[in-house]
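Here are some short exercises to work through with the model open beside you. Try each task before reading its solution.

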Amino acid sequence: MTPDGKCPTPVGINTRLAHIGYEPSGYFGFVNPPVVHASTVLFPDAQTMAKRDQKYIYGTHGTPTTEALCRAIDTLEGSAGTVLVPSGQAAVALPMLAFLSVGDHALITDSVYAPTRQFADLVLSRMGVEVEYYAPRIGAGIKRLLRSNTKVVFTESPASNTFEVQDIPVIARAAHAGNAVVMMDNTWATPLFFRPLEHGVDISIHAATKYPGGHADLLLGTVSANAATLPRLWEMFLALGIPAAPDDTYQVLRGLRTMGVRLAHHQKSALEIASWLEHQPGIARVLHPGLSSHPDHAIWKRDFFGASGVFSIVLAGGSQAHAFLDALKIFGLGFSWGSYSSLAMQVDLADRTVAAGDFEGPLIRLQIGLEDIEDLKQDLARGLRAARCTGQPGADQSVL
Ligand SMILES: *Cc1c(COP(=O)(O)O)cnc(C)c1O
């Protein structure tokens with residue numbers, strides 16, 4: 001199989017993940033690519049230098065290491081090109097800076113990753129871009145919000161923390177009718193479970209910090225563009241000077257090789273735990289799009305190939321969220337997700353404007369890691385017991 005994933009017969013995703021991006025015969029047969037640390041690249045003569053007529057010209061433009069990861073991601077995303085930046089947050093900021101100018105209007109889902117909203121409110125508004133938030137379940141209703149100066153429609157599906165699934169094909173069609181560029185933060189699904197460009201998205205964004213990295217030991221972002229949007233993205237990437245570092249790039253390529261088997265395990269454990277939680281005392285609701293009880297389950301089933309390991313639970317009214325979290329012994333309390341170990345955190349939706357939701361009790365986000373399912377269930381049961389034993393005076397315990 002060639003590094004762009006082409007093969008005489010179709011092969012499975014894990015076969016592709018094992019081989020895409022890099023051809024060992026191109027580097028003395030070594031199975032993995034070299035980690036190239038580089039600023040300067042030498043040219044053989046003045047004319048080649050003047051014309052920049054060679055494959056690599058400077059560290060910020062790419063190296064054999066970044067090329068291997070970019071080609072692998074392009075194969076997975078079906079994109080014309082990918083750029084690598086030092087964090088997922090930078091991967092969100094870069095395309096918005098590339099496509100928005102003073103006087104433009106941007107539509108961003110209200111359920112967006114909170115630091116994306118902070119970037120929009122702080123930087124875009126200071127640039128003179130009008131930012132408007134829309135409800136994640138808007139679907140075709142987005143037409144009513146599009147204006148002649150709407151240049152970007154920013155989507156994220158499922159929603160950060162609350163897991164509404166967006167109707168991406170419908171939103172993308174409406175946005176394109178108005179000539180807006182459609183961007184999607186696809187971190188939750190990874191390109192294994194959702195392929196944005198096949199559903200009309202122009203630019204697909206990932207925090208490779210999460211499942212591609214997979215070990216909570218690095219930060220990296222990827223931005224993958226179709227042919228129409230790539231030149232403008234590339235120009236801003238060079239102008240900002242934010243290439244990802246070589247060691248992190250290498251580690252993400254290394255992570256991709258096992259991402260399929262890791263995700264299969266995350267998916268299975270998370271679904272089993274989510275359906276078990278639906279029947280546990282002290283739980284009001286489980287927000288996981290892979291459950292048939294989820295209001296957007298049909299859209300998820302239509303568009304996605306699977307579910308990763310992150311979802312939320314709504315504790316029953318009157319539950320003590322801190323007691324729940326403090327009782328956990330295996331789940332760690334920490335931000336981020338996509339790594340091998342399980343994490344829990346309480347979600348704060350105070351920054352939402354049109355989709356804050358109406359929840360019966362505290363909202364807790366769970367990242368299901370690679371630990372054994374029975375151990376994780378016992379840990380969660382311990383948390384749920386604690387959440388309902390330590391009610392403060394006056395707290396409503398009746399539903400428990
Ligand atoms: C974590 C995350 C990011 C940011 O990634 P970092 O590498 O932590 O900056 C962006 N979008 C989503 C949906 C995320 O979960």
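A polar contact here is a pair of N or O atoms within 3.5 Å. The model is a predicted one.

**Exercise 1.** Find the polar contacts that lysine 210, threonine 209 and glutamine 89 make with oxygen atoms of the ligand.

*Solution.* Start with lysine 210: an N or O atom in its side chain is 2.5 Å from a ligand oxygen. Next, take threonine 209, where a polar side-chain atom lies 2.6 Å from an oxygen of the ligand. Finish with glutamine 89, which uses a backbone N or O atom, 2.9 Å from a ligand oxygen. As for cover, the ligand alone exposes 380 Å², and the protein buries 91% of that.

**Exercise 2.** Describe where the ligand sits and what surrounds it.

*Solution.* First, locate the site: the ligand occupies the largest pocket. Then list its neighbours, among them Ser87, Tyr113, Glu156, Asp185 and Trp337. Lastly, sort the shell: four residues are nonpolar, five polar and three charged.

**Exercise 3.** Check the confidence of the chain and of residues 393-400.

*Solution.* Begin with the protein chain: its mean pLDDT is 95, with 95% of residues at 70 or more. Now turn to residues 393-400, where pLDDT stays under 50.

Terms used: Residues numbered from 1 in each chain as written. Predicted model: local features only at pLDDT ≥ 70, side-chain atom pairs only at ≥ 80, totals over all residues. Heavy atoms only, no water. Near = heavy atom within 4 Å. Polar contact = N/O pair within 3.5 Å; in protein donor to acceptor, adjacent residues only side chain to side chain. Areas by Shrake-Rupley, 256 points an atom, 1.4 Å probe, with all protein chains shown as cover. 1 Å grid on protein atoms, 1.4 Å probe; cavity = no way out; pocket = protein on both sides within 12 Å on 5 of 7 lines; lining within 4 Å. Sits in = over half its atoms within 2 Å of the grid points. Nonpolar A, V, L, I, M, F, W, Y, C, P; charged D, E, K, R; others polar. pLDDT = per-residue confidence, 0-100. Contact = heavy atoms within 4.5 Å.
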